[in-house]
Amino acid sequence: MTLNTVSQLLKETKPQNVEIKGWVRTFRANRFIALNDGSTINNIQCVVDFENTDETILKRITTGAAVHIKGELVESQGKGQNVEVAVNTIVILGDSDPDTYPIQPKKHSFEFLRENAHLRTRTNTFSAVMRLRSSLSFAIHKYFNENGFYYMHTPIITGSDAEGAGEMFRVSTLDQKKPPLNEAGEIDHSQNFFGKDTNLTVSGQLEAETYAMSLGKVYTFGPTFRAENSNTSRHLSEFWMIEPEVAFMDLAGNMDLAESFMKSVISYVLENNNEDLEFLNKRLLDEEKTKPQAERSELNLIEKLKFVTQNNFKRLSYTEAIDILRNSKPNKKKKFNYLIEEWGADLQSEHERYLVEKHFKCPVILFDYPANIKAFYMRLNEDGKTVRAMDILFPGIGEIVGGSQREERLEVLKEKMAALDIPEEELWWYLDLRKYGTAVHSGFGLGFERLVMFATGMSNIRDVIPYPRTPQNAEF
Ligand code: 4AD
Ligand code: MG
C-alpha cells in the first residue's frame with residue numbers, strides 16, 4: 001500500500017485501507033489522535049482501540065511524536081470531520097518528550113515561536129503562512145512564464161552597489177586582524193579573494209537590465225541583502241526580491257505590468273489556498289477583537305485580497321500626494337512624526353499608509369518622485385527635477401513595490417553618476433548598454449516578504465520567512 005497524505009484522505013468518502021505517517025498534534029481520552037503531516041491545515045482524526053493497544057505504546061503517543069499508522073478509513077462517528085481512521089497498528093517512529101516539547105497544544109506568542117522557529121511550522125498559523133509563501137512563489141514564476149519572461153539568476157556576490165545607498169555586507173577572505181594595506185594605508189583589496197572589494201547584492205536590477213537589453217523580458221527572484229540598521233516590522237537584512245525588467249517599456253507600461261502581476265499572484269492564492277486563507281482570516285479576526293474599535297480594519301483578510309484583485313490601483317504623482325499630505329488632518333494637527341512641509345520631502349511609512357488606508361482606501365501607485373530622493377539610474381523627466389520612479393503602496397504594508405523607467409541616455413546617466421561620486425570604472429558594463437543599442441526600458445522590485453505579509457495578514461515580517469535575519473539576530 002502506498003502512503004497517503006492527510007490532504008488526500010480528507011477528500012475521500014469510500015471506506016478503504018490506508019497508511020499514513022505524521023506528527024501527533026493532540027491525543028485525547030487515550031483514544032483520539034489528531035494527526036498532521038503538513039499536507040493541509042486540517043488534522044485527520046485517528047481512533048485508537050485502546051483496549052487492544054499496548055499500554056507502553058499508548059504512553060508514547062504524545063504531542064509532537066512521529067507515528068506510522070495503518071488502519072481503515074471510515075465514516076466518522078463524531079462531529080467535526082466526515083472521515084476518520086480506525087487504527088489497526090501504530091508504530092512510534094520518533095518519541096517526543098511531553099515535558100520539554102516547546103509546541104504545546106495551546107496558544108503561544110509569536111515572540112516565543114520565533115525563538116523556536118525550527119518547530120514553529122508545527123503550528124497551524126506558521127504551516128499556513130509557509131504553504132502560502134510556497135504558493136505565492138509558484139504563482140510568481142507561473143505569471144512570468146505565461147507572459148513570455150525568462151527567469152534569470154543574477155549574482156549574489158557583486159562589486160557594485162545598485163541602489164547607491166552603501167548599505168552592503170562585505171564579502172572578504174582577508175585576515176580580519178591584519179588586513180594587507182596599500183601605500184595610502186587603506187585595505188588592499190587587490191589581495192582579496194576576487195581581487196577587488198565585493199559585497200552581497202542589494203538588488204539584481206543592474207544585471208537584469210543587461211539581459212532585458214538582449215532577451216527582451218526577464219525577471220529575477222532571489223535573495224538580497226541590506227545592512228541597514230532598521231529594526232522594524234517591515235525590514236529584513238536578508239529578503240527575497242522579484243525584479244522584472246523589460247526592454248522598450250516605459251513607466252506607464254511598468255505600472256500596468258506591476259498591477260496585472262500583483263493581481264494575478266493574489267488571485268492565484270485566493271483560488272488555490274482557500275483552507276489556509278480561511279484559517280488565517282479567522283486568526284486575524286480574533287486578533288483584531290483584542291484591539292480598540294478604531295484600530296480594527298474595515299475589511300477582513302479575504303475581503304482585502306479580493307479588493308486588490310477587483311479594483312484599479314489609484315495612480316497619482318508625488319506632487320499631488322504632497323499636496324494631499326500637506327493639507328491632511330494628521331499633518332495640520334502635528335500627528336505625523338515627520339511633518340510634510342515642502343515639496344521634496346521623503347515619504348515615511350506613516351505618510352504612505354495615510355494615503356492608502358485613510359485617504360484613498362485602495363492600493364496606490366505614486367510616480368514622478370524628486371530625483372534627489374531616488375536612485376541614480378532612474379530616468380530624468382523633462383522638468384529636470386523629477387524622475388520616472390514608481391512605488392506601489394499597499395494597505396497595512398506601505399511600500400511593497402519600487403521601480404522606475406531607467407535612464408537610457410548615456411550623457412545624462414554619466415552626469416548623474418558624477419554628481420553622486422559613482423566611479424564610471426565600476427559600472428563600465430552598465431554604461432555600455434547606453435552606448436550599444438540603448439532603448440527605453442523599465443522594471444521594478446517586489447519585496448517578496450512584504451507580499452507574503454499582505455497575503456497572510458501577518459503583521460511582522462519576521463513571521464513570514466523561515467529564518468529571519470535582522471540586526472543582532474542570525475539564529476538557525
Ligand atoms: O525600493 P527598492 O530598494 O528597489 C530596488 O531595489 C530596485 N532595484 C528594484 C527594481 O527597480 N528592480 O526595493 C524593492 C522592494 C521594496 O519596495 C520593498 O518591498 C522591498 O523591496 N524591500 C525590503 N523588504 C524587506 N526588507 C528590507 N530591508 C527591504 N528593502 C526593500
Ligand atoms: Mg524603494
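## Surface patch, ligand site and cysteines

Phe-194 sits in the loop that links strand S8 (170-171) to strand S9 (198-200). The model is a predicted one. Phe-194 has a relative accessible area of 40%, so this residue counts as partly exposed. A patch residue needs over 30% relative accessible area. Phe-194 belongs to a nonpolar surface patch, together with Ile-156, Ile-157 and Phe-193. The patch measures about 380 Å².

Next, the ligand site. Around ligand 1 there are 24 residues. Those that come nearest are Glu-163, Gln-205, Arg-226, Glu-243 and Glu-399. Polar contacts are listed below.

| Ligand 1 atom | Protein partner | Distance |
|---|---|---|
| nitrogen | N or O atom in the side chain of Ser-203 | 3.0 Å |
| nitrogen | N or O atom in the side chain of Tyr-377 | 3.4 Å |
| oxygen | polar backbone atom of Ile-400 | 2.8 Å |

On its own, ligand 1 has 620 Å² of accessible area, and the protein covers 93% of that. Ser-203 and Tyr-377 each use a side-chain atom in the contact. Ile-400 instead offers a polar atom of the backbone.

Now the cysteines. How many disulfides does the structure hold? The structure holds zero. Are Cys-46 and Cys-362 buried or exposed? Cys-46 is buried, because its relative accessible area is 0%. Cys-362 has 11% relative accessibility, so Cys-362 is buried too. The cut-off for buried is under 20%.

Notes. Residues numbered from 1 in each chain as written. Chains lettered and ligands numbered in written order. Predicted model: local features only at pLDDT ≥ 70, side-chain atom pairs only at ≥ 80, totals over all residues. Heavy atoms only, no water. Patch = residues over 30% accessible without salt bridge, like charges linked within 9 Å, V, L, I, M, F, W, Y side chains within 5 Å. Areas by Shrake-Rupley, 256 points an atom, 1.4 Å probe, with all protein chains shown as cover. Salt bridge = Lys/Arg side-chain N within 4 Å of Asp/Glu carboxyl O. Helix = DSSP H or I, 4+ residues; strand = E, 2+ residues; numbered from the N terminus. Buried < 20%, exposed > 50% of the residue type's maximum accessible area, 1.4 Å probe, protein only. Near = heavy atom within 4 Å. Polar contact = N/O pair within 3.5 Å; in protein donor to acceptor, adjacent residues only side chain to side chain. Disulfide = S-S within 2.5 Å.
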